[in-house]
Amino acid sequence: LIDQILTSLIHQVEADVRKKVACRLATLNSAPRELIKVLANEEIEIASPILFHSPVLSTQDLIDIINAKSTAHREAIAKRANVPAEVVAALVAVKEPGVIATLLANVGAEIPRAVFTDLVAMAQAVDSIRRPLIDRRDVPKDLAHHLFWHVSASMRQAIVQRFAVDAGELDKIFADVLAEPIADAAPAGWP
């Protein structure tokens, strides 16, 4: 009942008050769920502490916000201490390079191999996500090598140093990469 009352009243108070409420409730496990969802969908100045910290938001809540709200909302979600694989996939699916770079810089983001595959394909066309992708400690070695011909000389050196392979393995990787048709390398709908 209190949750319903607070949720209905929150729309009637000024933005400054809503922001203070969001800051106070952001880290509480016991915060009213419906109120947290309302605050998470507010303008980013109010929503950001909730999006960064709230343990009350479910994976589905975060995905719904990703699909309905602004780039700033998605960047806030990408900065959460822990970003589950399903949320990572939803963020990457939006194909916003700034959000993806923020996500890649977050060590708490759980990136599945299939998403890394999509990211490597995107990085071939989008320069701004190449360095953050190569800098990830959990990027699969074979996928990092797929980027080799699409990056600068300094990034090539970083790939060779971080993802060292023997000469035979390197020859196989380059043969595989060169055998791929270019049209198959980028995910559908990517510019």
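Trainee: Which residue forms a salt bridge with Glu96?
Mentor: This is a predicted model. Leaving aside neighbours within four places in sequence, Glu96 is in contact with Thr71 and Arg74. In the salt bridge, the closest N and O atoms are 2.6 Å apart. The partner of Glu96 is Arg74.

Trainee: How many residues apart in sequence are the parts that Glu96 and Arg74 tie together?
Mentor: Glu96 lies in the loop between H7 and H8. Arg74 lies in helix H6. The pair therefore ties together parts separated in sequence by 22 residues.

Trainee: Is Arg74 buried or exposed?
Mentor: Buried means under 20% relative accessible area. Glu96 has 16%, so Glu96 is buried. Arg74 has 8% relative accessibility, so Arg74 also counts as buried.

Trainee: Which helices do the buried residues of H6 pack against?
Mentor: H6 spans residues 71-78. Its buried residues are His73, Arg74, Ala76, Ile77 and Ala78. They pack against H3, H4, H5, H7 and H8.

Trainee: Which residues of H6 does Leu91 touch?
Mentor: Leu91 is one of the residues that touch the most other members of the largest nonpolar core. Not counting residues up to four places away in sequence, its contacts include Ile66, Val83, Val99 and Leu103. From H6, Leu91 touches Arg74, Ile77 and Ala78.

Trainee: Which helix gives the largest share of the largest nonpolar core?
Mentor: That core has 54 residues. Leu119 and Leu133 join Leu91 in touching the most other members. The largest share is 6 residues, and it comes from helix H9.

Trainee: Which residue forms a salt bridge with Lys37?
Mentor: The closest N and O atoms of this pair are 4.0 Å apart. Lys37 sits in helix H3 and its partner in helix H5, 24 residues apart. Lys37 is partly exposed at 26% relative accessibility, whereas the partner is buried at 7%. That partner is Asp61.

Trainee: Which residues are linked with Lys37 and Asp61 in a network of salt bridges?
Mentor: A search of the whole structure finds 9 salt bridges. The network includes Lys37 and Asp61. The other residues linked in it are Arg33 and Glu34.

Trainee: In the salt bridge of Asp127 and Arg130, which residue is buried?
Mentor: The side chains meet at 3.2 Å, N to O. Asp127 has 51% relative accessibility, so Asp127 counts as exposed. The other residue has a relative accessible area of 12%. The buried residue is Arg130.

Conventions:
Residues numbered from 1 in each chain as written. Predicted model: local features only at pLDDT ≥ 70, side-chain atom pairs only at ≥ 80, totals over all residues. Heavy atoms only, no water. Buried < 20%, exposed > 50% of the residue type's maximum accessible area, 1.4 Å probe, protein only. Helix = DSSP H or I, 4+ residues; strand = E, 2+ residues; numbered from the N terminus. Contact = heavy atoms within 4.5 Å. Core = buried A, V, L, I, M, F, W, Y, C linked by side-chain atoms within 4.5 Å.
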